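The following exercises ask the student to read contacts from a structure and to justify each classification. Each task is followed by a solution in steps.

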Amino acid sequence: MNIQNLLKIALKALNNNKMRCFLTMLGVIIGVGAVIAMLAIGQGSKNSIKAQISEMGSNMIMIFPGAERRGGVRQSSDDMQTLKPADYDALVRESSTILNITPTVNSSGQWIYGNNNYPSQAQGVNTQFLDIRQRKVAQGEMFTEEDVKNAAKVCVLGKTLVDNLFPEGTDPIGKIVRCGKIPLTVIGVLDEKGYNTMGQDQDDLALVPYTTVMKRMLAIDYLQGIQASAIDENHTDETIKEITGILRDQHKLRATDESNFTIRSMQELAEMISSTSSMMTVLLAAVAGISLLVGGIGIMNIMIVSVTERTREIGLRMSIGATGRDIMMQFLIEAVIISVTGGILGILIGGVATWMIKLFAHWPVQIDGGSVVLSFVVCTVIGIIFGFYPAAKASNLDPIEAIRYE
């Protein structure tokens, strides 16, 4: 018997039990839809994180005061005072691979203008911060090196801070705001960035000369960190080695001494986040894939029931010349049709679910063509694997006993 006739018989048999056929498909539909949606979430998050890191500068390098041991206890880097302005000066003077560099000193506090106030952070930096973080001043201007040198009481506000301190839409340029008790003149407004992938508001900040934060706000003589950028991404490792050597010499550390500072690059951060994201995507897809397994078991179950119900039909067909191979192919085709049709519907459901996640949850999502093809192939394989046993069982029936079956 040719494939065309077997296909017609299989379709007719499935059409006679529409509801049972649909319920059998449901496990595959849910499984495929879940796999596609989970992979889309994972891939979208991964790409979004890469884009965010790229926007921050893939050649950016961050230097933190190191966590050293005191009495056998490792201290928090927040409590360390191992980075000094002299370290920054040494890096500026001796490094040949650093493109831009800025000290960082942060102070959190209540920002006040008139009757409006908002808690935010004063980031103490120099004029090169904008180039390192790839940001621009949308309104007004950035403070100058002269302002940094004189610890001037000036600031450049982020959009979130502007919206909360000047809700009436007043032009903030030239206005005097207070961070705690320190009055600062607003000379600029940063471009709007919005939230990053980690949910952090990139506009909730104010840039202030780092000397102003050190001397007027915190009254400290050390740096909380240093940010730099390499000449380009390919020189990042070379720049890190150079910075390490300069700082170790500056701190007079011996070869056997542990560095009392920590250096991190955006490349390192990107690789770590990408690895974590890929692992989570695989786990999500594996959990969703369990539904596919359950769907396959459902196909096997319903095909075994179908073989039992149609025993006499199988016996009659064998008695008029159908071979065991014909019977096996008929039931295999039925199982594959159920599985593939469920897979196609699952792909559509997965696409709709992904679109709804993006529309309502505002999560970054991206459907990968490979996941669609893989889902379709898996559905076909599931139909063959889980349909084989019932098909083999049907093909091995004895025609005489099958005809007598009640």
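**Exercise 1: An aromatic pair and its surroundings**

Phe166 counts as buried, with a relative accessibility of 4%. The model is a predicted one.

Task: Classify the burial of Tyr113 and the geometry of its pair with Phe166.

Solution.

Step 1. Buried means under 20% relative accessible area, and exposed means over 50%. The 4% of Phe166 is therefore in the buried class, whereas Tyr113, at 25%, is partly exposed.

Step 2. The ring centres of Tyr113 and Phe166 are 4.5 Å apart, and their planes are at 40°. Planes under 30 degrees apart count as stacked and over 60 as edge-to-face, so the pair of Tyr113 and Phe166 is tilted.

Step 3. Tyr113 belongs to strand S4 (residues 98-113), while Phe166 lies in the loop between helix H6 (159-165) and strand S8 (176-179); the pair therefore ties together parts 53 residues apart in sequence.

**Exercise 2: A second aromatic pair**

Task: Which geometry does the pair of Tyr88 and Tyr210 have?

Solution.

Step 1. The structure holds 2 aromatic pairs. In the pair of Tyr88 and Tyr210, the centres are 6.2 Å apart and the planes form an angle of 70°. An angle over 60 degrees counts as edge-to-face, so this is the class of the pair.

Step 2. Tyr88 is in helix H3 (residues 85-94) and Tyr210 in helix H7 (residues 210-218), so that the pair links distant parts of the chain, 122 residues apart.

Step 3. Tyr88 and Tyr210 are both buried.

**Exercise 3: Strand pairing**

Task: In which sense, parallel or antiparallel, does S5 run beside S4, and beside S10?

Solution.

Step 1. S4 and strand S5 (residues 116-125) are antiparallel and joined by 9 bridges. Within this pairing, Tyr113 stands opposite Asn116.

Step 2. A hairpin is formed by S4 and S5, with 2 residues between them. Gly114, in the turn, has a positive phi of about 60°.

Step 3. S5 also pairs with strand S10 (residues 206-209), in the parallel sense and over 4 bridges. Here Ala122 is opposite Ala206.

**Exercise 4: Helix packing**

Task: Describe how helix H9 packs against helix H11.

Solution.

Step 1. The axes of H9 (residues 266-309) and H11 (residues 324-361) are 11 Å apart, at an angle of about 145°. The crossing is right-handed.

Step 2. From H9, Ile299, Met303, Ser306 and Val307 meet residues of H11, including Phe331 and Ile338.

Step 3. Sorted by class, this contact comprises 6 nonpolar, 2 polar and 1 charged residues.

Conventions. Residues are numbered from 1 along each chain as its sequence is written. This is a predicted model: local features need pLDDT of at least 70, side-chain atom pairs count only at pLDDT 80 or more; totals for chains, interfaces and linings use all residues. Side-chain values use heavy atoms; hydrogens and water are left out. Rings of Phe, Tyr and Trp (its six-membered ring) pair if their centres lie within 6.5 Å; planes under 30 degrees apart count as stacked, over 60 as edge-to-face and the rest as tilted. Buried means under 20% relative accessible area, exposed over 50%, partly exposed in between (1.4 Å probe, protein chains only). Two strands pair if DSSP finds at least two bridges between them. Axes are lines fitted to C-alpha atoms, for helices over the stretch in contact, and angles run from 0 to 180 degrees between N-to-C directions. A crossing is left-handed if the near helix is turned anticlockwise from the far one by less than a right angle, and right-handed if clockwise. Contact means heavy atoms within 4.5 Å. Ala, Val, Leu, Ile, Met, Phe, Trp, Tyr, Cys and Pro count as nonpolar, Asp, Glu, Lys and Arg as charged, and the others, Gly among them, as polar.
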